[in-house]
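Let's sit down together and learn to read a structure one feature at a time. Bring your questions as they come.

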Amino acid sequence: MSLITSFLPKISRSGLGLIGAVLIAASAIAAPPPKVLKKVPPEFPAAAVKKGVTSGTVKAQLAIAADGKVTEVTILETSSPKLFDRAVIEALMEWRFEGSGEKRTHEMTLVFNE
């Protein structure tokens with residue numbers, strides 16, 4: 001009986017480890033990107049032209065309401081701090097996505113070329 005008793009906790013632990021691995025793998029599967037209904041391209045900033053900057057990239061995160069409206073834009077990364085941020089935020093706040101019935105977030109990278 002001690003053999004069975006000592007074996008059961010090992011099964012439980014390995015079973016929990018497998019369940020944990022499956023949950024982590026399932027959460028790593030990305031949801032399909034939301035369908036864009038309206039795109040507004042950002043304008044190339046005049047300040048960038050004045051500084052001689054001809055290109056740049058900005059990675060942003062959008063908070064999207066259940067009805068598909070963008071409610072918030074957060075700048076995650078930028079090649080030229082503060083130079084393109086305002087143009088990205090203003091443009092992305094005008095974007096509209098297909099409503100999903102629930103709030104969600106979406107990340108995207110915008111590339112600027114003069």
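What follows is a short dialogue on confidence, strands, the core and the aromatic rings of this predicted model.

Q: Where should I be careful when I read this model, and which element has the lowest mean pLDDT?

A: Here is the general idea: where pLDDT is low, the predicted coordinates should not be read in detail. In this case, the protein chain averages a pLDDT of 81, and 74% of the residues score at least 70. Among the elements, helix α1 (residues 2-28) has the lowest mean, 43, while β3 has the highest, 97. Across residues 1-28 the pLDDT is below 50, and that stretch has 0 contacts in the model beyond near neighbours in sequence.

Q: Thanks! How many helices and strands does the protein chain have, and in what order do they run?

A: You will find 3 helices and 5 strands. Reading from the N terminus, the order is α-β-α-β-β-α-β-β.

Q: How do the strands pair, and which partners does β2 have?

A: Two bridge counts tell the story here. β2 (55-64) is joined to β5 by 10 bridges, and these two strands run antiparallel. β2 also pairs with β3 in the antiparallel sense, over 7 bridges. For individual positions, Leu-62 has His-106 in β5 as its bridge partner, and Gln-61 stands opposite Thr-74 in β3. The hairpin of β2 and β3 has 5 residues between the strands, and there Gly-68 takes a positive phi near 100°.

Q: What should I look for in the nonpolar core, and which residues touch the most other members?

A: The general idea is that in soluble globular proteins, nonpolar side chains tend to be buried together. In this structure the largest nonpolar core has 18 residues, and Leu-62, Phe-84, Val-88 and Leu-92 touch the most other members. At least two core residues come from each of β2, β3, α3 and β5, with β2 giving the largest share, 4 residues. Leu-62 is a good one to click on: leaving aside neighbours within four places in sequence, its contacts include Val-70, Leu-92, Phe-97 and Met-108. Its bridge partner His-106 is also among those contacts.

Q: How do I describe a pair of aromatic rings, and how many pairs are there in the whole structure?

A: A pair of rings is described by the distance of the centres and the angle of the planes. A search of the whole structure finds 4 such pairs. One of them is Phe-44 with Phe-84, an edge-to-face pair with 5.6 Å centre to centre and 75° between the planes. Phe-44 lies in the loop between β1 (36-38) and α2 (46-50), and Phe-84 in the loop between β3 (70-78) and α3 (85-92), so this pair ties together parts that are 40 residues apart in sequence.

Q: Are those two rings buried or exposed?

A: Phe-44 is partly exposed, at a relative accessible area of 23%, whereas Phe-84 is buried, at 0%.

Q: What other ring does Phe-84 pair with, and how are the two arranged?

A: Phe-84 and Phe-112 form a stacked pair, 4.4 Å centre to centre with 25° between the planes. Phe-112 sits in strand β5 (residues 104-113) and Phe-84 in the loop between β3 and α3, so the pair ties together parts that are 28 residues apart in sequence. Both Phe-84 and Phe-112 are buried. Put together, Phe-44, Phe-84 and Phe-112 form one aromatic cluster.

Terms used. Residues numbered from 1 in each chain as written. Predicted model: local features only at pLDDT ≥ 70, side-chain atom pairs only at ≥ 80, totals over all residues. Heavy atoms only, no water. Phe/Tyr/Trp six-rings, centres within 6.5 Å; stacked < 30°, edge-to-face > 60°. Buried < 20%, exposed > 50% of the residue type's maximum accessible area, 1.4 Å probe, protein only. Core = buried A, V, L, I, M, F, W, Y, C linked by side-chain atoms within 4.5 Å. Contact = heavy atoms within 4.5 Å. pLDDT = per-residue confidence, 0-100. Pairing = 2+ DSSP bridges.
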